[in-house]
Amino acid sequence: MALGVAVAAPPLAVAEADQSETLWAGQAVPRSCFAKPLGNAPGVDSVKTTAPVTGLVRVRLTGPGDWDVAVFDKKTGAVVAASAGLRTNEVADGYVTKDQELVVQGCRYGGNARTAQLRIGWTEVQDTQAAQRMQVVDVDTPTRADKRRLQALGVDLTEGGGEKSLQVLLHGPEDERKLREAGFTWKVRIPDLKKHVEANARADQRYAQRVARSLLPSGRTSYRHLYEYEYEIKELARRYPTLARPFILPRQSVEGRDIHGIEIAVDARHIHDGKPVFLNMGVHHAREWPSGEHAMEWAYELLTGYGKDARITSLVRATRNVVIPVVNPDGFTISREAPAKGDFSVFDYEMKRKNCQAADSPPDMRVGVCADNPAGRLRGVDLNRNYPGFWGGPGASANWRSDTFRGSAPGSEPEVRAVREFISQRQVTTLITNHTYSNLILRPPGVYDARPPLDEPTYAALGQRMADHNGYTSEPSWKLYDTTGSTEDWSFWNTGGFGFTFEIGPSSFHPPFETGVVAEYAGLPPAAGAGKGGNRAAYLEMLQATADPAYHAVITGTAPEGWKLRVHKEFATPTSPVLDSSGKAGEPIMYEDVLDSSYIAPGGEFAFHVNPSTRPYVAGRYGRDPVAPPSPPYAFENPPGQPAENTGDPLSGPHEEVPFTVEGPPRADNAKVTVHIEWNSPDTDWDLYIVDADGTIVAQSATGGTREENAVLADPAPGQYKAVIVNYDQVDGQPFDDWTGGKVTFENPKPTTTGVKEAWTFTCERPNGKIASVRSVIVDRGRTVDLGDACRQPGKRPRR
Ligand code: 0X9
Ligand code: ZN
């Protein structure tokens, strides 16, 4: 073993030079490389090594064929790291301690390559957090000044907190002393973080021990590791050689991992079969483990159900199912393998959300590896803000540290490109992108002003049918909060395929497996979908819609066997006016898409299931004709008196109230109500709420650092409302800065608008590649266009 000299030490990490070896195996044996050390068994070669550092080991295995790799602790045989991709492009990361003896095992799973190149690298991780008892506490910070003071104190702030308090991670008595001396008070939320996280892990272990097989289609009882996803995809493909096709996406992750998928159809390897495609994805966000589990279980559902369950059999025959369980493999494996802290602090890698992009970080933050760097879990781009659709607008950040960082350009991230290119080359007519958590089924638009598509009634009804099974709330995603650059805000507006975000589960990003995965998937208590079929039934509902031509478009005709039918479209779409870091809107960026997919004619009659030829972006917006004018604007006075500061509950604490009425037909037709107040200084903070007759807050505007608030209520039911105005913060020692300019304004609904129609360019190519015919085909959702003899150019004499 040749270990080189340590390179110049970046702040947190010391990288040791790589060790290289060539592995050799005379035969291939398809089996798990990570299950156990296999010694001298056929198809295996291994290397012994000793960790020169405490920190991370990274093993890369490259070459032709399909080799896998696993690193074991020599004494116990426990897996330290593994990778089991479809080809020999393995990246395995794991935690080691100095002088730990390891066995690095290469396994030739398949293919013709007798050798593979092994590289072992080490990163020393300085133990930044010594073995102190760590607590999570809520520090009382009633005013913004308190919050600022706490931020300046240099304690470890988590992202948690409310209006009255901020969540802080105390690393030991020293931190407690700091808080006390600065005069802060706090409540202990978690007295011993390590114990807390370990208790959760034990609950998972107990479940796995108690239950041999869960009600999931795979029977699994615990969260998968990345290498288990990879291995299971290969094994499923081996078990179902005609029904399943494993694949990797055309681009690798930032760290060079392959992104794996599996597709399921009666003849899976014949990908150009003209069938409508349902794409089911997970783990855009690293920490959202149940999202990958759900996607993977769906693959098992279809494969194990085909030929046994009549409904599944007939739906699989009519469709093509693509499952990409882990879109963000770099982030996922960091989150999945990280030592549990459970505190959302910067170095709580288990709570990583984004990918591993470092190019946008300032130079001093670019150092170190993704699993151990000075920016901790905050390195990277939010893949669900990086898609080109409406990119750069509200609900995404221009700041590289933000958990919703949009990236340097629309579609800049390789993981996003990989998904986008895949969708552009298939007719993905339905899509679910799984996330955790909030019990929601979301559809576009991501921002209110984008307005709903013409398809809104059909789209909403489909969402609701799925929600009937999982018990979630189905709504347009702007109702949750603004987002731009999300998956389906690109895919829907640019391809026309119906896409939804599932936010699985009521709370936490990866709750205990039993509740977060088994119960949500199978529809068992305590899931909201208990007794209603759960996400399994929701996905089946989506598959049924995939099989139903009412939800997409069909091009039919006749064509000679083996000729290639192709639909093609190129267009440029503007992003949002791109907001700069101060929130100022600049020019939109024109983004070019090329959609191109083909179908090998079966001979005789064909049916090509495609998305509508007109993009929803162009087709128009769904709306409603006003039946009466909007109500006139209404100015209101500031009631007498000055309410005391209230940073707690707006309704039970001090506040002012101004009643107003929203009128309905026949007198008025109000589709949008805006309540406005303003004041002098941006350091003053008034907050504004709209409360309905039942006392429920139905809209709010509670920003800081502004001189106004505008609370917007969309589609209000006619009736009595109250504006509730809260004095959140006055600047100490300054004269009272009271609000003025109270105003309620009303807007009419916007009528439906329709745009022009777009066409697919349809071509038929002879087997030798020569073009036999080219046509423009306009086809709407739910319609079939028959081309007759599709490979004959109209106006030309019949083909011979
Ligand atoms: O913010 C997100 O990306 C999603 N929530 S999560 O907690 N999983 O991060 C919600 C996205 C909702 N918006 C759209 N799908 N447009
Ligand atoms: Zn998410």
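In this predicted model, the buried residues of helix 6 pack against three elements: strand 14 (260-264), helix 5 (289-305) and helix 12 (534-547). Helix 6 itself covers residues 310-318, and its buried members are I312, T313, L315 and V316. The spacing of such a set is easier to read with helix geometry in mind: an α-helix has 3.6 residues a turn, so residues three or four places apart point the same way. The start of helix 6 has a contact of its own, with a side-chain oxygen of D309 coming to within 2.9 Å of the backbone nitrogen of R311.

Zooming out, the protein splits into domain 1 (19-124), domain 2 (135-191), domain 3 (212-552) and domain 4 (634-751). Take the pair formed by domain 2 and domain 4, whose C-alpha centres sit 31 Å apart. Their contact draws on 7 residues from domain 2 and 11 residues from domain 4. As for how much surface goes into it, the size of an interface is often given as the accessible area lost when the parts come together. Between domain 2 and domain 4 that buried area is about 710 Å², with carbon and sulfur atoms giving 37% of it. Sorted by class, the domain 2 side that touches domain 4 has 2 nonpolar, 1 polar and 4 charged residues. Even with those charged residues on the domain 2 side, the count of salt bridges between domain 2 and domain 4 is 0. The polar contacts tell a similar story: 0 residue pairs turn up across this interface when both partners must be at pLDDT 80 or more.

Salt bridges do turn up elsewhere, and the whole structure holds 46 of them. The general idea is familiar: side chains of opposite charge can pair when their charged atoms come close. One of these pairs joins the side chains of K234 and D68, at 2.8 Å from N to O. K234 belongs to helix 4 and D68 to strand 4 (residues 66-73), so this bridge ties together parts that are 166 residues apart in sequence. Both K234 and D68 are buried.

R443 and E456 also meet through their side chains in a salt bridge, again given as 2.8 Å from N to O. Here R443 sits in strand 18 (residues 440-443) and E456 in helix 9 (residues 456-470), 13 residues apart. R443 is buried, as is E456. The bridge between E181 and R177 has its closest N and O atoms 3.0 Å apart, and it stays inside one element: both residues lie in helix 2 (residues 173-181), 4 residues apart, or about one turn of the helix. E181 is exposed at 61% relative accessible area, while R177 counts as partly exposed at 34%.

Some charged residues go beyond simple pairs. R220, R224, E228, E232, E293 and E297 are linked in a network of salt bridges. Within that group, R220 occupies the loop between helix 3 (193-210) and helix 4 (226-239). Its relative accessible area is 15%, and R220 counts as buried because the cut-off is under 20%. Setting aside neighbours within four places in sequence, R220 is in contact with S214, E228, E232, E297 and F513. With E228 the contact is also polar, side chain to side chain, at 3.4 Å. By contrast, the C-alpha atoms of R220 and E747 are separated by 53 Å, with their positions 527 residues apart along the chain.

Another loop residue worth a look is N386, placed between helix 7 (329-337) and helix 8 (414-424). N386 is buried, at 0% relative accessible area. Its contacts, not counting residues up to four places away in sequence, include W391, R406, P410, E413, V416 and G485.

The backbone has a few oddities too. As a rule, most residues other than glycine have a negative phi, and most peptide bonds are trans. The bond joining T436 and Y437 is cis, with omega about 0°, and Y437 falls in the loop between strand 17 (428-435) and strand 18. That loop also contains N439, whose phi is positive, near 55°; N439 is buried, at 14% relative accessible area. A cis bond also runs from P665 to P666, with omega near 5°, and P666 lies in the loop between strand 27 (656-662) and strand 28 (672-678). V283, which is not a glycine, has a positive phi of about 50°. V283 is placed in the loop between strand 15 (277-281) and helix 5, and at 0% relative accessibility V283 is buried.

Key:
Residues are numbered from 1 along each chain as its sequence is written. Chains are lettered from A and ligands numbered from 1 in the order in which they are written. This is a predicted model: local features need pLDDT of at least 70, side-chain atom pairs count only at pLDDT 80 or more; totals for chains, interfaces and linings use all residues. Side-chain values use heavy atoms; hydrogens and water are left out. Buried means under 20% relative accessible area, exposed over 50%, partly exposed in between (1.4 Å probe, protein chains only). Helices (H or I, at least four residues) and strands (E, at least two) are DSSP runs, numbered from the N terminus. Contact means heavy atoms within 4.5 Å. A polar contact is a pair of N or O atoms within 3.5 Å; within protein, one must be able to donate a hydrogen and the other to accept it, and residues adjacent in sequence count only if both atoms are side-chain atoms. Domain bounds come from an automatic or database domain assignment. Buried area is the accessible area (1.4 Å probe) that two parts lose on being put together, summed over both. A salt bridge is a side-chain nitrogen of Lys or Arg within 4 Å of a carboxyl oxygen of Asp or Glu. Ala, Val, Leu, Ile, Met, Phe, Trp, Tyr, Cys and Pro count as nonpolar, Asp, Glu, Lys and Arg as charged, and the others, Gly among them, as polar.
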